[in-house]
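This report describes selected side-chain pairings and local features for a reader new to the structure. It proceeds by topic, beginning directly below the display.

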Amino acid sequence: MHSPLAVLEDTDWDALSHAYDSAADVPDRLVGLLSEDAEVCGDVLAYLDAVILHQGTICSATAPVALFVAGILDDARVLIRCESALPWDERERPLRASLLEWLGNVATSAAYEDDDEDEFDDDDDWVRAVEACRAVRPELYARVVPFLDDADPAVRQAAIGAVTHLVSAPDLTGRRADLADRLVTAARQATPVERAGIALTLGSWGVVAPSLLADDHPGVRACAALGDALDGDPAALDEIRSALRDPRAADSWFPENPPQLDGRIRFALIEALLRRTTTFEDVVDAAVAVARMTNSYTVDRDWGPLLVRAFPGGSDPQRALTGAQRRFLAAVVDNDECWEGVSNPVLWFRRAGLPSDRDGLRALLA
């Protein structure tokens, strides 16, 4: 285990780089995390996201910075509450929670194509940077695990998210069985959003947790029903259908979604529904409910895939629309928000063999 001070003093920062230049400035920036000044800490959080892991890209400075961040997790000075200086992140929470979330993001980037042995050119600097991050994952894991039982819900939730990404590493998958039991036990005292995160984590490992499938909270039950291991379970499918009767309500289940979710919860629900069904008639009620509340910006994650399911081989002008197709298209045409902002829907309409303009669809419906 590396001490934070040793990381700062023993690393040749001048020989490393980050997203914008030499990493020589890194030590001075990192010590700001222990300043107990909310504004300074917020600036450093923004620096970690925008410079050390810019848009998820690992650089040669990322691994030693991750070791430093992991090493200060148990320092009382990171209990200060602050928010990132990044304008799109207004969450005020313990600095420790933000640092845990960042370590999870590092693990996510390091795990990209983890199983592809032929992905790298051994002489590439980026390759060496990624391999350095992969090499420190066991230490990051050891530093993160104690916070699964933290007294603060925001810290626990961030720790669960970080552990989820860390144990995706081939050399850490053996830890999943023990962790699964620990997480199921922890869920008994957890908040709904924590329980949902635990359910998603266990589902990603292929673990079924009956207690979470029977949870009092609909969002927890739905998240527990998403796992691939339940793809053949009728009760899990019914839970997904129930959640999509009102996708707007599903998106509002939690004040802040579990970090294991990528975007809106309806995206994950739709993906699972399509994976577990074969015909459009199987999903038409959910498709219509989504079409009534969605917009053009989310077409790639919700109503676009549903559109392709409705017209799997493309629209046939020689055949009349089915009742299910007609219901869905009418809901899309009637929703003004499906026709504003971006051109993404055009690609989905073309893929389905349909007119890409609103009047053309109205004519088809008429």
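Three aromatic pairs are found in a search of the whole structure, which is a predicted model. In one of these, the ring centres of Phe-280 and Phe-328 are 5.5 Å apart and the planes meet at 50°, so the pair is classed as tilted. Phe-280 belongs to the loop between α15 and α16, whereas Phe-328 is part of helix α18; the pair therefore ties together parts that are 48 residues apart in sequence. Both Phe-280 and Phe-328 are buried. Elsewhere, Trp-303, Trp-339 and Phe-349 make up one aromatic cluster.

## Salt bridges

Side chains of opposite charge can pair when their charged atoms come close. The whole structure contains 21 salt bridges. The table lists some of them, with the separation of the closest N and O atoms.

| Basic residue | Acidic residue | N to O distance |
|---|---|---|
| Arg-143 | Glu-139 | 3.9 Å |
| Arg-301 | Asp-262 | 3.6 Å |
| Arg-327 | Asp-285 | 3.2 Å |

The pair of Arg-143 and Glu-139 is contained in helix α7, which covers residues 137-144, and its members stand four residues apart, about one turn of the helix. An α-helix has 3.6 residues a turn, so residues three or four places apart point the same way. Arg-143 is buried, because its relative accessible area is 16%. Glu-139 also counts as buried, at 13% relative accessibility.

The salt bridge between Asp-262 and Arg-301 links distant parts of the chain, 39 residues apart. Asp-262 is placed in the loop between α14 (247-251) and α15 (265-276), while Arg-301 is in the loop between α16 (284-293) and α17 (303-310). With a relative accessibility of 56%, Asp-262 counts as exposed, whereas Arg-301, at 32% relative accessible area, is partly exposed.

Asp-285 and Arg-327 also meet in a salt bridge. Asp-285 is in helix α16 and Arg-327 is in helix α18 (residues 323-334), so this pair ties together parts that are 42 residues apart in sequence. Asp-285 is exposed, at 54% relative accessibility, and Arg-327 is partly exposed, at 40% relative accessible area.

Salt bridges with shared partners also join Arg-91, Arg-93, Glu-101 and Glu-256 into one network.

## Helix α13

Which residues of helix α13 are buried? In this helix, spanning residues 234-243, they are Ala-236, Leu-237, Glu-239, Ile-240 and Ala-243. Viewed down the axis of α13, these buried residues fall within an arc of 155°, so they line one face of the helix. Pro-234 and Ala-235, on the other side of α13, are exposed. The cover over the buried residues of α13 includes α12 (218-224), α14 and α15. At the start of α13, the backbone nitrogen of Ala-235 is approached by a side-chain oxygen of Asp-233 to within 2.8 Å.

## Cysteines

Why do Cys-41 and Cys-82 not form a disulfide? The sulfur of Cys-41 has its closest cysteine sulfur in Cys-82, at 5.1 Å, which is too far for a bond. A disulfide requires the two sulfur atoms to be within 2.5 Å. For Cys-82, in turn, the closest cysteine sulfur is that of Cys-41. The count of disulfides is accordingly zero. Cys-41 is buried, with a relative accessible area of 0%, and Cys-82 counts as buried at 2% relative accessibility.

## Positive phi values

Glu-36 has a phi near 60°, a positive value in a residue other than glycine. Its place is the loop between α2 (26-30) and α3 (38-52). Gln-55 likewise has a positive phi, near 50°, and is a residue other than glycine. Gln-55 is situated in the loop between α3 and α4 (62-71). Is Gln-55 buried or exposed? Gln-55 is exposed, because its relative accessible area is 71%, and the cut-off for exposed is over 50%.

Terms used
Residues are numbered from 1 along each chain as its sequence is written. This is a predicted model: local features need pLDDT of at least 70, side-chain atom pairs count only at pLDDT 80 or more; totals for chains, interfaces and linings use all residues. Side-chain values use heavy atoms; hydrogens and water are left out. Buried means under 20% relative accessible area, exposed over 50%, partly exposed in between (1.4 Å probe, protein chains only). A salt bridge is a side-chain nitrogen of Lys or Arg within 4 Å of a carboxyl oxygen of Asp or Glu. Helices (H or I, at least four residues) and strands (E, at least two) are DSSP runs, numbered from the N terminus. The arc is that of the directions from the helix axis to the C-beta atoms. Contact means heavy atoms within 4.5 Å. A polar contact is a pair of N or O atoms within 3.5 Å; within protein, one must be able to donate a hydrogen and the other to accept it, and residues adjacent in sequence count only if both atoms are side-chain atoms. Rings of Phe, Tyr and Trp (its six-membered ring) pair if their centres lie within 6.5 Å; planes under 30 degrees apart count as stacked, over 60 as edge-to-face and the rest as tilted.
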